[in-house]
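Work through the exercises below with the sequence and the coordinates open. Each task is followed by a worked solution.

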Amino acid sequence: MSLVSEEFPEEVPPRAEEITIPADVTPERVPTHIVDYSEAEQSDEQLHQEISQANVICIVYAVNNKHSIDKVTSRWIPLINERTDKDSRLPLILVGNKSDLVEYSSMETILPIMNQYTEIETCVECSAKNLKNISELFYYAQKAVLHPTGPLYCPEEKEMKPACIKALTRIFKISDQDNDGTLNDAELNFFQRICFNTPLAPQALEDVKNVVRKHISDGVADSGLTLKGFLFLHTLFIQRGRHETTWTVLRRFGYDDDLDLTPEYLFPLLKIPPDCTTELNHHAYLFLQSTFDKHDLDRDCALSPDELKDLFKVFPYIPWGPDVNNTVCTNERGWITYQGFLSQWTLTTYLDVQRCLEYLGYLGYSILTEQESQASAITVTRDKKIDLQKKQTQRNVFRCNVIGMKNCGKSGVLQALLGRNLMRQKKIRDDHKSYYAINTVYVYGQEKYLLLHDISESEFLTEAEIICDVVCLVYDVSNPKSFEYCARIFKQHFMDSRIPCLIVAAKSDLHEVKQDYSISPADFCRKHKMPPPQAFTCNTADAPSKDIFVKLTTMAMYPEDHYRDRLSRDTGNPDRIENLRKIWVFLKTAFHARLRCMCTCNRCTFCICQNFLNSDLLQSVKNKIFTAVINRLRARVAEWGAMLLADDEGSITHQVHAVSSVEDSIFMESSHGPLFLEARHVTQADLKSSTFWLRASFGATVFAVLGFAMYRALLKQR
């Protein structure tokens, strides 16, 4: 009542009504509900109900009443602890009221009680009559909830608890952006800014280091704050009652009151519509590049087991197993390379984006990049149906399901994508094998990721095993029963779909046998309008050829072109048509967006050229040229007829000349019907007219070429 009215009431009731302190009048900007309890008016059941709803409890005693002090330990604390779980005890504040009635402090009596019960946050002596420490009392009550001491510090041992040390160690490693074991001035300033929204002045930084140097010898090294120094500072904050400083840091890095990373931090909301995929964007790849460089201490562009272990120290567990080394590219020693590192992150994002968000949260992505959450690192691609409609895709990751009988060479295809020949594949342990492989492939100068998934042999594929961008059907050329499985799976699931398929003849270095199927693989491909079987072997001295992977990625990028080829393919010369298709895809990729006017303005260069070509003037010129050419033909035929009439018997020379004239003649049809040849002499006027229109046609052609050149030049400027 003194807090609200700011004066001591003349008549004090046994129990005050519930009071709500608005958020805007409290330092922490949190609304506070104060509930009074009177033993004279309320029952134990009512007290138990209030305790279950409380966040903090203030036990009030009279400093001038020893019985009141003894009751703190004999009744109140045991009663509260009976109703709360041992691992989540409510914070308690001891309040010594009526301090205006005595000239001594009760702290000597209270301190043993505080040492006995760790749930007691603090003790405050106050006077409701003199308004002494009344507002401070409720400030400490708020602070006990928002910044509790219990999870951070052990008063008996006078040191931070292991969970707090573990959390602060992770924060130190994330903030140590150059991974040299110390926080230099730039890193300390960045840490200060992201946690407290204000940098430290150079003198303030030096003062902090001097405090650390004064208490521990190895707290500062090379003008940087070490991990020991960082932990000492936070211990000092807690011991001096500045818990809020440590809690501000912990909550900025995603920790809750139990010092666990919150689900909201690890798994931010990310909506993914159906038929859409998830990829890392450019900013995410830059962050991962800096993370790789930070831990690649020997600068060999690969992470050794120790370097990888150091990277995962900010994780609560090791996220990658030994199969990762057979999923992505490694060097000769089996260490994950820079490209393999990015590929594994790309794979995780594509297959399990929630796990990718979790991993980025452990690395502190949103903090170091100053983004709202890890969701800003993810690009959700548009619906695949839109890609098919627009006949172009914005995706950078394409999934290929590799299907075939057991031992047909599927694993060899997966490992060949990583550049491993048969000799290197034999060194892979069975328990380290992977059903995935991912690597970059260049298609027309564009870097794309191809993800291969080995589908286990089964009679029928599940719906999840069918979903992909392209299918690779693998059969063993040395096994006569191998191709039948590929043909059956194709007919069951892919014959009527728009998913492009490629048949690969694996182990082509072995003797090829006839397949036990009604038609040969080549005839099967021609029948179903597919590319011919691609010979493949990984039994090579160097890395296997990547031609089939380029072909698979191209088919995944342009599935509509493949589908159109299946509908109407010239089966007479498949190789020639395939080459023409490649040229068509390349030309479309390079010029498709440039040779099409996206407007209807009738003012751009393209529209002007189109309107000119369709204009009445040009049509009139075309008709005049057509008429002139026909007149010339008629004149030639008339001259030939006149010579025949002049000399019926004619010489052989005349006959040869006549035959030449006939060979030079062209019989055409006009828009009004057949042209009847009639004999007449060519006049001078006809010749002049023909010459004029030929010149006009030449001029129109030059004008059209210049106009198109201007259009291309203006389009490049756009």
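The exercises cover a nonpolar core, a helix, a small set of strands and a pocket.

The model is predicted, so local features need pLDDT of at least 70, side-chain atom pairs count only at pLDDT 80 or more, and totals for chains, interfaces and linings use all residues. Residues are numbered from 1 along each chain as its sequence is written, and side-chain values use heavy atoms, with hydrogens and water left out.

**Exercise 1. Find which residues have the most contacts inside the largest nonpolar core, and which helix gives the most to this core.**

Step 1. A nonpolar core is a set of buried Ala, Val, Leu, Ile, Met, Phe, Trp, Tyr and Cys residues joined through side-chain atoms within 4.5 Å. Buried means under 20% relative accessible area, exposed over 50%, and partly exposed in between (1.4 Å probe, protein chains only).

Step 2. The largest core holds 72 residues, and Ile171, Leu250, Phe253, Trp320, Phe341 and Trp345 have the most contacts inside it.

Step 3. The top contributor is helix α15 (residues 353–363), with seven residues. Helices (H or I, at least four residues) and strands (E, at least two) are DSSP runs, numbered from the N terminus.

Step 4. Leaving aside residues up to four places away in sequence, Ile171 touches Phe191, Phe230, Val249, Leu250, Phe253 and Tyr255; contact means heavy atoms within 4.5 Å.

**Exercise 2. How many residues of α15 are buried, and what follows the helix?**

Step 1. Nine of the 11 residues in α15 are buried, so the helix is mostly covered.

Step 2. Among them are Val353, Cys356, Leu357 and Glu358.

Step 3. Gly364 comes after α15 and has a positive phi, near 80 degrees.

**Exercise 3. Give the strand order of the open three-strand sheet and state why one side of each edge strand lacks a neighbour.**

Step 1. The order is β8-β10-β9, with antiparallel pairing; two strands pair if DSSP finds at least two bridges between them.

Step 2. β8 (182–183) and β9 (220–221) are the edge strands, and each has a single partner, so one side of each has no neighbour in the sheet.

Step 3. Two antiparallel bridges join β8 to β10 (residues 224–226), and Thr182 has Thr226 of β10 as its bridge partner.

**Exercise 4. Which element gives the most residues to the lining of the second largest pocket?**

Step 1. α5 does, with four residues.
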